[in-house]
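This report looks at a few residues and at the spaces inside and around one chain. Please keep the structure in view while reading.

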Amino acid sequence: MSGPLDALADRIVRVSDIYAEHFGIDRSGDWPLLKLQEEIGELTQAYLTTTGRTRRPADEAAREQLALEMADALGMLLIMAKAEGIDMDQAMQDKWLHWLERDSAVMEVGEG
C-alpha cells in the first residue's frame, strides 16, 4: 500500500539525503532511532516552554517552535519507517484507522 504518508516520507528522506550529503552525516545503523529520540527531547523542551514550565516565555514564538519540533519528530519517524521498510499508511490503518470501519459497522447494525 502506498499513500500520503509514504509520499511524504519520500520527500522528507530526500531532504535528509541532501542534508546528510552536505554535512557528511553517516545515517547508517541505528541513526534514525537515535535521531528520533533527540527530536523527541527537543519536542519535550518546546512543550514545556509552551506550557509555561521553563524560564522562557510561553509566547507565540514558543508555540511556533513547538510546531517545528513536532514536524521534526514526525519527519524523523517517517525517515525511520522508510529505513526499516515500514509502510506507515498500512501501519496507521492496522493500528488506528480500522477502528473507524468497526465503528461504522456497529452504527449500521444499530440502525437496522
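## A buried threonine

In this predicted model, T49 has a relative accessibility of 6%. T49 is therefore counted as buried, because buried means under 20% relative accessible area. T49 belongs to helix α2, which covers residues 31-50.

Which residues does T49 touch, if neighbours within four places in sequence are left aside? With those neighbours set aside, the contacts of T49 are T54, R56, P57, A58 and A62.

## Another residue of helix α2

L43 is also found in helix α2. Its contacts, again without neighbours within four places in sequence, are L66, E69, M70 and A73.

L43 can also be placed relative to D72, which is 29 residues away along the chain. The C-alpha atoms of L43 and D72 are 8.3 Å apart. D72 comes up again below, in the section on the pocket.

## A partly exposed leucine and its patch

Is L8 buried or exposed, or does it fall in between? The relative accessibility of L8 is 33%. L8 therefore counts as partly exposed, because that class lies between the 20% limit for buried and the 50% limit for exposed. L8 sits in helix α1, made of residues 4-23.

Together with L74 and L77, L8 makes a nonpolar patch on the surface. The area of this patch is about 220 Å².

## The cavity

How many cavities of 30 Å³ or more are there? The count is 1. The largest cavity holds about 40 Å³ of space.

The lining of the largest cavity is formed by L5, D6, A9, L78, A81, K82, I86 and M88. Two elements, α1 and α3 (60-84), each give two or more residues to this lining.

## The pocket

The largest pocket has a volume of about 340 Å³. It is lined by 15 residues. Among these lining residues, S16, Y19, D72, M76 and I79 are the closest to the centre of the pocket. D72 is thus listed here as well as in the C-alpha distance to L43.

Which elements give two or more residues to the lining of the largest pocket? They are α1, α2 and α3. For the largest cavity, the elements that meet this condition are α1 and α3.

Key. Residues numbered from 1 in each chain as written. Predicted model: local features only at pLDDT ≥ 70, side-chain atom pairs only at ≥ 80, totals over all residues. Heavy atoms only, no water. Helix = DSSP H or I, 4+ residues; strand = E, 2+ residues; numbered from the N terminus. Buried < 20%, exposed > 50% of the residue type's maximum accessible area, 1.4 Å probe, protein only. Contact = heavy atoms within 4.5 Å. Patch = residues over 30% accessible without salt bridge, like charges linked within 9 Å, V, L, I, M, F, W, Y side chains within 5 Å. Areas by Shrake-Rupley, 256 points an atom, 1.4 Å probe, with all protein chains shown as cover. Salt bridge = Lys/Arg side-chain N within 4 Å of Asp/Glu carboxyl O. 1 Å grid on protein atoms, 1.4 Å probe; cavity = no way out; pocket = protein on both sides within 12 Å on 5 of 7 lines; lining within 4 Å. Points joined across faces, edges and corners; volume = space filled by probe spheres on them.
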